[in-house]
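Notebook open, structure loaded. I want to go through the ligand surroundings, then the chain contacts, then how far to trust it.

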Amino acid sequence: MIEKAFKGSTGYWVWMLFLLSIMGVGGLCYVQQFNYGLGITGMSRDVTWGVYISQFTFLVGVAAGGLMLVLPYYIHNYKAFGRIVILGEFMAIAAIAMCLMFIIADLGQPMRAMNVLLHPTPNSMLFWDMIVLNGYLFLNILCGWVVLQSEYKGVKYPKWIKPFIYLSIPWAISIHTVTAFLYCGLPGRHFWLTAILAPRFLASAFAAGPALLMVIAMILKKTTKFDVGREAQDKLVTIIGYAAMLNFFFLGCEFFVAYYSQIPGHMHTLDYLFWGLGHGDQVYNNLVPFMRASVIMGLAGIALIFVSRAKQSDGLLVISCLLIFIAFWIDKGLGLVLGGFVPSPLEYVTEYVPSVQELGITAAIWATGFFILSILYKVAISVKLEKEA
Amino acid sequence: MDSKRRDFLKIAGLTAIAGIAAPSAFNTLLKGEAIASAGQAAAGGHGAAAPTGKRYGMVIDVKKFTENPGLAEQCVSACHTIHNVPDFGNRKDEVKWIWIESYEHTFPTESQYKRPDALKDMPILTLCNHCDNPPCVRACPTKATYKKKDGIVGMDYHRCIGCRFCMAACPYGARSFNWRDPRGKDANGQPFIKAENPKYPTRMRGVVEKCNFCTERLAIGQIPACVEVAAQTKALVFGDMNDPNSEISQVLKTSFTIQRNPAIGTHPSLFYII
Ligand code: SF4
Ligand code: SF4
Ligand code: SF4
């Protein structure tokens with residue numbers, strides 16, 4: 001089956017070479033970081049996590065988003081997702097692979113990563129995150145591959161795979177819950193210390209994951225003969241739209257608690273993210289334009305996605321999904337992690353700007369993710385089209 | 001029995017087992033902390049009582065540092081020299097075990113209204129609190145940060161993977177990361193560690209470090225370096241807080257002290273006399 005990844009159009013090869021070149025440049029940046037240390041990044045004593053960990057957090061959501069396809073298809077027997085569900089499972093594989101790469105990129109002593117398993121520490125949420133992420137990676141490789149292989153052979157998937165598919169459903173929830181627990185269990189970091197963090201993570205995941213999937217599905221529709229089908233598209237619009245609304249509802253709850261209670265610690269980070277935080281005689285507002293854009297894009301995306309369905313417009317659908325995806329990428333891939341460090345526990349304000357090398361490594365990991373995704377999708381789509389022909 | 005019903009009973013049975021097992025599993029997860037804090041609540045309160053056994057602590061008499069200008073700086077430099085703490089010369093890469101901080105930054109949770117003028121420029125020494133309930137230990141995925149029986153929160157530089165989860169977890173900003181090689185030299189060829197003390201290990205790049213309450217000195221019967229510097233003035237008092245006859249116990253019994261942000265339940269072992 002895998003041989004299908006080695007046969008493709010010129011466009012396919014150009015795309016893969018493009019990804020490989022980004023990976024190469026990023027690889028060089030990583031060599032620099034490996035030799036110099038993490039000081040090469042923009043992180044500092046006060047802002048100890050940067051784009052690596054924030055990308056990791058966001059991508060856990062993208063991986064968990066696959067659940068929104070697996071659940072209707074396998075549990076509710078929703079046949080219209082028959083063609084798209086495999087895309088969801090394979091996207092989870094690529095996303096988790098990126099997550100693991102981002103964690104390794106962020107370690108000060110990457111060669112010691114195995115210490116997490118050599119000295120298992122159940123009271124650390126990072127230990128559990130490692131377990132659930134690797135477990136989810138395994139489950140998705142197993143389920144995705146076995147189901148596709150059966151289809152390739154023209155038989156129904158074997159019975160023994162069913163329990164694994166069922167297991168992958170709560171597991172998807174667990175990866176994002178445990179990832180939220182990394183943050184929301186820390187005393188003294190007010191912005192993260194909120195019980196609604198895990199639900200909010202899940203809501204944004206169930207919007208951003210399927211939104212990205214939808215964009216890819218539309219690209220495939222244009223470039224290949226692979227069409228996920230109108231019904232699946234329309235159903236996904238409902239899922240993305242409502243999940244995105246839920247995310248904004250949760251965000252609203254955060255705003256209410258902070259500004260109605262007037263507890264300074266609760267307001268500081270929101271001030272910093274959305275209005276700028278005055279400290280001494282300076283106002284710190286690095287992230288303000290991004291965060292505001294995120295809210296506007298998210299709300300516009302929600303409105304447009306329903307319009308796109310009413311008008312049956314694929315173009316509008318792609319635009320609205322992109323808006324939602326980027327909005328949540330800013331919200332979680334930037335604001336959530338970086339905001340948590342401002343102000344510091346001693347109430348200093350240190351702003352963070354990623355370095356060129358850091359951005360290079362980040363781009364390379366994204367490129368690697370898309371590289372994996374392209375191979376997997378190439379195989380899946382070839383099999384699907386072949387069987388249907 | 002039809003199959004649906006049988007399935008239901010199976011699920012119900014499993015759920016019941018899970019329900020019974022969950023609380024005990026949860027307690028194991030928290031290493032009995034839940035039981036401990038419920039069991040030995042302080043008289044009249046509902047917080048956890050101080051643990052028994054040895055527990056090292058420190059009292060910092062802030063006024064004495066104003067009375068003795070330069071003393072705070074001497075404490076800092078004694079610690080950093082003895083422990084080979086590198087000086088990178090910039091805030092971004094900074095590594096520090098003990099440092100001088102202002103009142104408003106040391107105690108941001110205290111009221112900042114109408115403070116005495118004297119507080120404004122008062123140098124306040126800040127270091128790891130060796131919390132009795134340390135969030136950094138809870139967060140560390142490798143046990144590279146651990147709590148010892150005597151209450152000291154220690155670090156294993158050889159096990160640390162440099163994930164910096166402990167830095168996000170510490171509510172007192174007490175931890176530093178080696179963003180670059182502390183054994184290296186700056187652009188002018190000056191080493192970051194001015195004069196290396198062969199009796200204490202230097203660290204490698206990519207690990208976290210912090211004040212260790214001078215574990216290595218206590219082991220050979222010496223008092224912490226910063227306390228030794230301040231010994232004459234008694235600005236710093238160090239000792240076993242659970243020994244009723246220790247000097248620190250006497251000070252704690254007779255003076256009003258405050259801790260940094262006690263509301264978050266970390267139970268710091270540092271006490272300040274303002
Ligand atoms: S002050 Fe910070 S580093 Fe020290 S024990 Fe407490 S939480 Fe850990
Ligand atoms: S940086 Fe080191 S000490 Fe801190 S949590 Fe990670 S492994 Fe533990
Ligand atoms: S107790 Fe020791 S390690 Fe801690 S600040 Fe004082 S001299 Fe440094």
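Started with ligand 3. By class, I get 10 nonpolar residues and two polar ones in its shell, with no charged residue there. This is a predicted model, so I'm keeping that in mind throughout.

Then I listed who is in that shell. The cysteines around ligand 3 include C79(B), C211(B), C214(B) and C226(B). H83(B) and N212(B) are also there, as are W97(B), I98(B), L127(B), F213(B), P224(B) and A225(B).

Next, ligand 2. I find 13 residues around it. Which of them are closest? They are C140(B), C160(B), C163(B), R164(B) and C166(B). Sorted by class, the shell of ligand 2 has nine nonpolar, three polar and one charged.

Moved on to the interface of chains A and B. I count 48 residues on chain B touching 45 on chain A. Interface size is often quoted as the accessible area lost when the parts come together. Here the two chains bury about 3,900 Å² between them, and 54% of that is on carbon and sulfur atoms. On the chain B side, I161(B), F165(B) and W179(B) supply 17% of the area buried against chain A, more than any other three residues.

Looked for charge pairs across the interface. How many salt bridges link chain B and chain A? I get two. R91(B) and D46(A) make a salt bridge through their side chains, at 3.2 Å from N to O. I also looked up polar contacts, and 36 residue pairs across the interface qualify, both partners at pLDDT 80 or more.

Which elements of chain B each give at least two residues to the side touching chain A? I noted β2 (98–101), α6 (135–139), α7 (165–169) and β6 (176–177). By class, that side of chain B splits into 25 nonpolar, seven polar and 16 charged.

Last, confidence. The predictor gives the complex an ipTM of 0.91 and a pTM of 0.91. Chain B has a mean pLDDT of 86, with 81% of its residues at 70 or more.

Two stretches of chain B go on my caution list. Residues 13–17 stay under 50 in pLDDT, and the model shows zero contacts for them beyond four places in sequence. Residues 32–44 also stay under 50, but there the model has 14 contacts beyond four places in sequence. Where pLDDT is low, the predicted coordinates should not be read in detail, so I'm leaving the fine geometry there alone.

Technical notes. Residues numbered from 1 in each chain as written. Chains lettered and ligands numbered in written order. Heavy atoms only, no water. Near = heavy atom within 4 Å. Nonpolar A, V, L, I, M, F, W, Y, C, P; charged D, E, K, R; others polar. Contact = heavy atoms within 4.5 Å. Buried area = accessible area lost by both parts, 1.4 Å probe. Salt bridge = Lys/Arg side-chain N within 4 Å of Asp/Glu carboxyl O. Polar contact = N/O pair within 3.5 Å; in protein donor to acceptor, adjacent residues only side chain to side chain. Helix = DSSP H or I, 4+ residues; strand = E, 2+ residues; numbered from the N terminus. pLDDT = per-residue confidence, 0-100.
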